[in-house]
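Got your viewer open? Here's a tour of one protein, stop by stop, with a suggestion for what to select each time.

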Amino acid sequence: MIPAAFEYYRPTDMAGVLAILEEHGDDARVMAGGHSLIPMMKLRMADVPHLIDLQDVGGLSDIEIGSDSIRIGALVTQADIIDNAELTKVAPILREAALQIADPQVRYMGTVGGNVANGDPGNDMPGLMQCLDATFTLVGPDGERDVAARDFYEAAYMTEREDDEVLVAVSFAVPRGGYCYEKQKRKIGDYATAAAAIQIEKDGGTCSAVSVAMTNLSDTPIYSEAAGAALVGTAVDDAALKAAVAAMLEDIDPSEDNKGPVAFKKHVAGVILRRAIESAWARA
Ligand SMILES: Cc1cc2nc3c(=O)[nH]c(=O)nc-3n(C[C@H](O)[C@H](O)[C@H](O)COP(=O)(O)OP(=O)(O)OC[C@H]3O[C@@H](n4cnc5c(N)ncnc54)[C@H](O)[C@@H]3O)c2cc1C
């Protein structure tokens with residue numbers, strides 16, 4: 001598998017990146033870790049005459065942890081997240097999710113920015129970011145703008161990002177309460193058959209707030225407000241769990257593929273969501 005010929009650029013600042021994007025339009029694409037884009041180029045599913053490597057652009061590799069919020073630069077890798085003890089202390093769901101992505105080789109290269117910008121329904125971080133109610137910061141010829149993760153995904157590989165914009169960071173409030181990222185995959189290193197991201201808060205014995213997002217069960221990640229609503233105000237007992245699963249199943253729209261038929265995927269989604277809520281609740 002050999003990709004079509006392409007020009008390779010390695011600018012050292014964002015102005016240089018934006019200038020090449022502006023000059024070549026649709027024919028140019030940025031590359032971060034390359035672990036989604038290069039395979040697609042080799043399979044000739046992506047034709048990229050002008051490839052812009054972001055690796056030398058400064059200021060995109062920081063993890064900033066404030067008292068209320070966290071900002072993660074686009075070039076931070078999944079391995080960086082796993083290794084950051086301070087981040088794990090304040091937002092442990094990130095490490096739990098990152099550890100379930102692919103294998104160590106991929107995680108050393110795969111970036112947060114590439115994972116969320118890609119638009120692949122199989123990527124784990126878009127659902128995670130919807131669960132955290134994150135904001136994506138994009139920079140383009142007209143400057144910077146923020147887009148909510150819950151509004152970013154339009155269809156498979158289609159997002160709110162314009163072709164001449166680069167995602168520079170993701171930010172979110174320091175999460176509260178119990179957490180869980182639960183994923184079912186056919187084998188180690190595989191994309192999810194179904195995955196669930198949960199943050200849940202407990203007040204006394206009652207659920208006071210919760211966020212639920214599902215991965216690889218539709219063209220886009222699914223933030224299920226209805227699943228959350230079925231849990232708030234309950235003691236997260238069996239009836240509430242069943243109601244949350246039923247509400248989530250109304251929101252997803254899986255299709256048959258090599259991971260299984262629709263009925264199987266819905267069954268797995270229900271099992272995974274129930275497990276994720278139970279784990280998060282026990283940790284709250
Ligand atoms: C064998 C294998 C198994 C994998 N399994 C999983 C898995 O289980 N779960 C999972 O989530 N991922 C998985 N991945 C994907 C991996 O996590 C990728 O690294 C990730 O999806 C993309 O990150 P990247 O930095 O490699 O992006 P790249 O491949 O460099 O880019 C991906 C896309 O995003 C665009 N892009 C990249 N960065 C930016 C940016 N800053 N701004 C705008 N656009 C940008 C590129 O133009 C391209 O279209 C797997 C990959 C492999 C090879």
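What share of the contacts in the protein with a separation of 6 or more comes from residues 24 or more positions apart? It's 62%. Keep in mind throughout that you're looking at a predicted model.

**The whole chain**

Start with everything shown as a cartoon. You should find 12 helices and 14 strands. Along its principal axes, the C-alpha trace spans about 60 × 45 × 35 Å. A compact globule of 284 residues would have a radius of gyration near 19 Å, and the protein has 19 Å, so the two agree. As for burial, 42% of the 284 residues count as buried.

**Colour by domain**

Now give each domain a colour: domain 1 is 7-53, domain 2 is 63-173 and domain 3 is 178-283.

**Domain 1: a parallel sheet**

Select 7-9, 28-31 and 50-53. The first two ranges are β1 and β2, and the last is β3. In which order do the strands of this open sheet lie? Reading across, you get β1-β3-β2, with parallel pairing. β1 and β2 stand at the edges with a single partner strand each, so one side of each has no neighbour in the sheet. From one strand to the next, the twist averages 25°.

Zoom in on the pairing of β1 with β3, which runs in the parallel sense over 3 bridges. Show Tyr8 as sticks, and you'll find it opposite Leu51 in β3. If you like to draw the hydrogen bonds, remember that strands of a sheet pair through their backbones, either parallel or antiparallel.

**Where domain 2 meets domain 3**

Next, hide domain 1 and look at the other two. Their C-alpha centres, those of domain 2 and domain 3, lie 20 Å apart. Across the boundary, 21 residues of domain 2 are in contact with 22 residues of domain 3. On the domain 2 side, select α5 (92-98), α8 (125-131) and β8 (153-155); each supplies at least two residues of the side that touches domain 3. Which element gives the largest share of that side? That's α8, with 5 residues. Colour the domain 2 side by class and you'll get 12 nonpolar, 4 polar and 5 charged residues.

**Domain 3: an antiparallel sheet**

Move on to the open sheet of 4 strands, ordered β11-β12-β13-β14 with antiparallel pairing. β11 and β14 (222-223) are the edge strands here; each has a single partner strand, so one side of each is left without a neighbour in the sheet.

Is β11 mostly covered or mostly uncovered? Select 178-185 and check: β11 is mostly covered, with 6 of its 8 residues buried. Then add β12 (residues 192-203), which runs antiparallel to β11 and is joined to it by 8 bridges. Show Tyr179 together with Gln199, its bridge partner in β12. The hairpin of β11 and β12 has 6 residues between the strands, and in it Gly189 takes a positive phi near 90°, a nice spot to click on if you keep a Ramachandran plot open.

Go one strand further along. β12 and β13 run antiparallel and are joined by 9 bridges, with Thr206 in β13 as the bridge partner of Asp203. Now bring in helix α12 (residues 262-283), which packs on the sheet and touches β11, β12 and β13. The direction of α12 makes about 30° with that of β12.

**Last stop: two threonines**

Finish with Thr206 and Thr234 as sticks. Thr206 lies in β13, which covers residues 206-215. Thr234 sits in the loop between α10 (225-231) and α11 (238-251).

Are they buried or exposed? Thr234 has 16 C-beta neighbours inside 10 Å, so it counts as partly exposed. Thr206 has 13 C-beta neighbours inside 10 Å, so it too counts as partly exposed.

Now list their contacts, leaving out residues up to four places away in sequence. Thr234 touches Thr206, Cys207 and Ala240. Thr206 is in contact with Gly233, Thr234 and Ala235.

For a last view, zoom out and draw a C-alpha to C-alpha distance from Thr234 to Ile20: the two are 214 residues apart in sequence and 54 Å apart in space. Do likewise for Thr206 and Lys187, which are 19 residues apart in sequence and 36 Å apart in space.

Key: Residues numbered from 1 in each chain as written. Predicted model: local features only at pLDDT ≥ 70, side-chain atom pairs only at ≥ 80, totals over all residues. Pairing = 2+ DSSP bridges. Axes fitted to C-alpha atoms, helices over the stretch in contact; angles between N-to-C directions. Rg over C-alpha atoms; globule rule 2.2 N^0.38 Å. Buried ≥ 20, exposed ≤ 12 C-beta atoms within 10 Å, placed from the backbone. Contact = placed C-beta atoms within 7 Å. Domains from an automatic or database assignment. Nonpolar A, V, L, I, M, F, W, Y, C, P; charged D, E, K, R; others polar.
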